[in-house]
Amino acid sequence: MLIHSALLALGATIAAAVAPLEAKDNYFVNPKSGNRFQIVGVAYQPGGSAGYKPEQGRDPLSDGDVCLRDAALMQILGVNVIRVYNLDPDLNHDLCASIFNAAGMYMILDVNSPLVGDSLTSYKPWESYYAGYLNRTFAVVEAFKNYPNTLAFFSGNEVLNNVETGGNVPPYMRAVTRDIKNYVSKHSDRPIPVGYSAADVRDVLFDSFEYFQCAEDGDASDPSRVDIFALNSYSWCGDSTYEESGYDKLVEGFSNSSVPIFYSEYGCNTPSPRVFSEVSTIYGPKMTGVFSGGIVYEYAQEANNFGLVTINADGSAQLLNDFYALKDQYSKLNFTDVQGIKSPTSAAPKPPTCSSKLITTKGFANNFTLPSPPPGTQKIIDNGVSPKPVGKIISVASWTVPHPVKNPDGSTLSNLAVKPLADDATNRPGTNTADGTPTTTATGPTASKTNAAGGRPTFGALPALGLGAFAVMAGIAI
Ligand SMILES: *[C@@H]1O[C@H](CO)[C@@H](O)[C@H](O)[C@H]1NC(C)=O
Ligand SMILES: *[C@@H]1O[C@H](CO)[C@@H](O)[C@H](O)[C@H]1NC(C)=O
Ligand SMILES: *[C@@H]1O[C@H](CO)[C@@H](O)[C@H](O)[C@H]1NC(C)=O
Ligand SMILES: *[C@@H]1O[C@H](CO)[C@@H](O)[C@H](O)[C@H]1NC(C)=O
C-alpha cells in the first residue's frame, strides 16, 4: 500500500491493460479481436530455481527495478509471454505484474515451488497430496487471479517422466488439476486455464496427454481435465528440420487435441551458440494449426548455459549472442499474420471419453478413478484461502531501467526503458528499441534478413538491427 500511494503522489497514471485471453477448444483467443493468440514466450527465473528465496522476501516477480530491466529487454526481444516457475503467494507482485502488463506481456505461472511440501512428488505422490500443499496452490491463484495478464496456471511440471512414474502420478496430477480448477471457478471473476507441462519423453508423452485431456463420461466440463497441455521439448537442435527434429510427429500426435497445445520450454543448446531456426517452423503454416507457439528456455543465464542474458549480482546485465540470434529469428516473422489468424469456425475435436483404451503403454496408469480431495481441502475451496493474498494492477512511477545493461560487445544500451503499450496491445518485435528513438526507415519484420545470410545475426550497435517498423504500430491489438 505504501508503494501505491507513493507512486500516486508522483502523479503516475495506471497504465493500459492487455485483454485477458481465453482458452477455447484447441487454441487461445483474444475475445476482443476474435483472433487466435500465439505464445511468443521466455521462461523467467533469474538465479534459477535456487534463486527462489521466499525467506528473504524474493521471488522473480517481487522487485520492481529488476522487472523494469527485464520487461524492457523482453520488449526489445519481441516476446509476449513469460513463464514463471517459483512464486511465493504472500509476496507483493503488484508492481512487477503491472510492469509486464503495461509492456504487453502475459504470465503463465507454475503454482508449485522447489521447496519441500510445495509440489506433488513423482515418487509416492500420495504422500505429498494434502490440504496444506493445496492451500498453497490456491493461494497462488488468489495472488494472481486479478491481474488481466495472468494467462494460465500450470498445476504440475514434469512430475512424471518415465513409465514408472507414469504408473502412479497421473491420478494424483489429475486430482490436483481438478482441485485448482474447482478453486478457480469458485473464486475467480474470469475463467483462467489450468494445465500440465509435460517432459517430452515420447514413451509416455501421448499417454500423458490422453490421460489429462480426456473427459469422464465424455463430459467436456469435467473439472479434472486439463484446459491446456504443454510440453518441454528439446528435440530441435542446431539448424534442424521439421522432420529431423520430430516436430512432425508432435503435430501428428496432437492434431486432434481438444485443448490448446504449446511448447512450455524449447531451445536445445547443443550446439551452442544457438541459431533458433525452429522459430520460423513453430510460427509457420505447418504448426500454427495445432500448436499455439512456445516458450524459450530461458531468459537468465545459469550454469547450464540456456540463458539469453547474464544478470550480475549488482543488478547490471549483459545480453548474450543468443539473445540477438533469437531476436533476429522473431524479427523475420510477420506478426500481423502470426497473430492475425481467425478462430476456426469448424467444430473443434471433442475430448475423448476417459477409458483404459486410450492408454497404449503397459505400466502407465489406465484407471481414471481419482483420489478424493484430502481432508480439509473442500472447506478451503468453499470458503477461500485465509488470509487471502490479493493482487491488483497499480501505477508505475517511472519506466526507466535503473540498472545498466550492456551488449555482447560491451557497449551500453542507452535510454533503456519499458514502453507502455496502448490498451489491449500485446508486445511484438519492434515495439521498443534500446536507444529509445525508433526509426521510421526500417523495412519491417524482414529487415534483418540480411543479417541472417550466414545463419547468424551481426552484433553491432543496436540501431543497425532493423528494429522499428512496428514501433508506430504498438497500439495494434493482436
Ligand atoms: C493458506 O495459505 C495462506 C496464504 O499463503 C496462508 O496465510 C495460510 O497460513 C495457509 N493456511 C494453511 C492452513 O496452510
Ligand atoms: C485424428 O482423428 C482422425 C479422424 O477421426 C483419425 O483418423 C486420426 O487417427 C486421429 N489422429 C490421432 C493422432 O489420434
Ligand atoms: C481403480 O482405482 C480405484 C481406486 O484406487 C479402485 O477402487 C478400482 O478398483 C480400480 N479399478 C480397476 C479396474 O482397477
Ligand atoms: C505482413 O502481413 C500482412 C497481412 O498479410 C501484409 O499486409 C503485410 O504487407 C506483411 N508485412 C510485410 C512487411 O511483409
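An axis here is a line fitted to C-alpha atoms, for a helix over the stretch in contact, and angles run from 0 to 180 degrees between N-to-C directions. Keep that handy, and keep in mind that this is a predicted model.

**Exercise 1.** Work out how helix 5 and helix 6 are oriented relative to each other: roughly parallel, roughly antiparallel, roughly perpendicular or oblique?

*Solution.*
- Step 1: Get the geometry. Helix 5 (residues 163–187) and helix 6 (residues 202–213) have axes that come within 11 Å and cross at roughly 20°.
- Step 2: Apply the cut-off. Angles under 35 degrees count as roughly parallel, so helix 5 and helix 6 are roughly parallel to each other.
- Step 3: Add the handedness. The crossing of helix 5 past helix 6 is right-handed.
- Step 4: Find who touches whom. Helix 5 brings Val163, Gly166, Pro170 and Arg174 to the contact, and helix 6 brings Asp203, Val204, Asp207, Ser208, Tyr211 and Phe212.

**Exercise 2.** Place strand 10 among its partners, then decide: is strand 10 largely enclosed or not?

*Solution.*
- Step 1: Take strand 9 (residues 228–233). Strand 9 pairs with strand 10 in the parallel sense, over five bridges, and Leu231 sits opposite Tyr263 of strand 10.
- Step 2: Trace the connection. Strand 9, helix 7 (residues 247–253) and strand 10 form a right-handed β-α-β unit.
- Step 3: Take strand 11 (residues 291–296). Its pairing with strand 10 is parallel too, over three bridges, with Val296 as the bridge partner of Tyr266.
- Step 4: Check burial. In strand 10 (residues 261–266), six of the six residues are buried, so the strand is largely enclosed by the rest of the structure.

Notes. Residues are numbered from 1 along each chain as its sequence is written. Chains are lettered from A and ligands numbered from 1 in the order in which they are written. This is a predicted model: local features need pLDDT of at least 70, side-chain atom pairs count only at pLDDT 80 or more; totals for chains, interfaces and linings use all residues. A residue is buried if 20 or more other C-beta atoms lie within 10 Å of its own, exposed if 12 or fewer, and partly exposed in between; C-beta atoms are placed from the backbone. Helices (H or I, at least four residues) and strands (E, at least two) are DSSP runs, numbered from the N terminus. Two strands pair if DSSP finds at least two bridges between them. A crossover is right-handed if, with the strands pointing away from the viewer, the path from the first strand over the helix to the second runs clockwise. Angles under 35 degrees count as roughly parallel, over 145 as roughly antiparallel, 65 to 115 as roughly perpendicular and the rest as oblique. A crossing is left-handed if the near helix is turned anticlockwise from the far one by less than a right angle, and right-handed if clockwise. Two residues are in contact if their C-beta atoms, placed from the backbone, lie within 7 Å.
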